Amino acid sequence: MMAEKKYLTPRLIITTALLLLIILYFFTDARFSLIPPRCIFYSYTHLYCPGCGSQRAFLSLLHGELRQAVSYNLLFILCLPLLVYSALIALINVFRKRELVRQIFYSASFVKILFAVAILFWIARNLSFYPFNLLAPHELI
């Protein structure tokens, strides 16, 4: 019984911390606050990495602004089902003795495809002509 408590405690702590982080993001405007970290890659190169705009996209989703979230980071929005799937499996595993495995993430082809998509998105969002310039993080008017 004691070993079971040790096993569950780190996962419950992580789950609680993630929920608190989501609440913090809900009440913090990532565009103007100093709390969320800034992109180091963009700070030095003035080029957008695949993750640039993800914090603002997440905040927009928390407030129900899907169009604004897409304008900040389309790749983040497209990968959201994978993130939700992974989070749900992790949450389910907190309460199960026999863990569920995230099968999709253990496929070599999945990893290669996701990596290729991220690289192509990284290149495309830094092109300055239409329609690729729409992939750069921006505010909707």
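Colleague: Where in α5 does the kink of about 45 degrees lie?

Modeller: Helices here are DSSP runs of H or I with at least four residues, strands are runs of E with at least two, and both are numbered from the N terminus. The bend at a residue is the angle between two fitted axes, one for the seven residues ending there and one for the seven starting there. In α5 the kink comes shortly before the proline P81, at L80.

Colleague: Before we go on, what pLDDT do local features need?

Modeller: This is a predicted model, with residues numbered from 1 along each chain as its sequence is written. Side-chain values use heavy atoms, with hydrogens and water left out, while side-chain atom pairs count only at pLDDT 80 or more, totals for chains, interfaces and linings use all residues, and local features need a pLDDT of at least 70.

Colleague: Back to α5, then. How far apart are its end C-alpha atoms?

Modeller: The expected span of a helix is 1.5 Å times one less than its number of residues. For the 21 residues of α5 that gives 30 Å, which agrees with the model, where the end C-alpha atoms are 31 Å apart.

Colleague: What is the overall fold made of, and how many strands are there?

Modeller: From the N terminus on, the elements run α-α-α-α-α-α. The chain holds six helices, and its strand count is zero.

Colleague: What share of the residues in the chain is buried?

Modeller: Buried means under 20% relative accessible area, exposed means over 50%, and partly exposed is in between, using a 1.4 Å probe and protein chains only. Of the 141 residues in the chain, the buried share is 23%.

Colleague: And what part of the contacts with a separation of 6 or more comes from residues 24 or more positions apart?

Modeller: A contact means heavy atoms within 4.5 Å. Among contacts with a separation of 6 or more, residues 24 or more positions apart account for 49%.

Colleague: Let's look at N73. Is it buried or exposed?

Modeller: N73 sits in the loop between α4 (66-72) and α5 (74-94). Leaving aside residues up to four places away in sequence, it touches P50, G51, C52, G53, S54, A57, F121 and R125. Its relative accessibility is 0%, so N73 counts as buried.

Colleague: Which backbone nitrogen does the side chain of N73 reach at 2.9 Å?

Modeller: A polar contact is a pair of N or O atoms within 3.5 Å; within protein, one must be able to donate a hydrogen and the other to accept it, and residues adjacent in sequence count only if both atoms are side-chain atoms. At the start of α5, a side-chain oxygen of N73 comes to within 3.0 Å of the backbone nitrogen of L75. The 2.9 Å partner is the backbone nitrogen of F76.

Colleague: Which helix do the buried residues of α6 pack against?

Modeller: In α6, F110, F121 and A124 are buried. Seen down the axis, with the arc taken from the directions from the helix axis to the C-beta atoms, they fall within 65 degrees and therefore line one face of the helix. The face turned away from that side carries the exposed residues A108, K112, F115 and I123. The buried residues themselves pack against α5.

Colleague: How are the rings of F41 and W122 arranged?

Modeller: Rings of Phe, Tyr and Trp (its six-membered ring) pair if their centres lie within 6.5 Å; planes under 30 degrees apart count as stacked, over 60 as edge-to-face and the rest as tilted. The structure holds six such aromatic pairs. With centres 5.3 Å apart and planes at 80 degrees, F41 and W122 are therefore edge-to-face.

Colleague: How many residues apart are F41 and W122?

Modeller: F41 belongs to helix α2 (residues 40-45) and W122 to helix α6 (residues 108-124). The pair links distant parts of the chain, with a separation of 81 residues.

Colleague: And how are the rings of Y42 and Y48 arranged?

Modeller: Y42 counts as partly exposed at 30% relative accessibility, and Y48 does too, at 22%. The ring centres are 5.1 Å apart and the planes stand at 10 degrees, so this pair is stacked.

Colleague: Last one on backbone oddities: which peptide bond is cis?

Modeller: Most residues other than glycine have a negative phi, and most peptide bonds are trans. H46, in the loop between α2 and α3 (54-62), has a positive phi of about 60 degrees although it is not a glycine. The cis bond, with omega near 5 degrees, runs from Y130 to P131.
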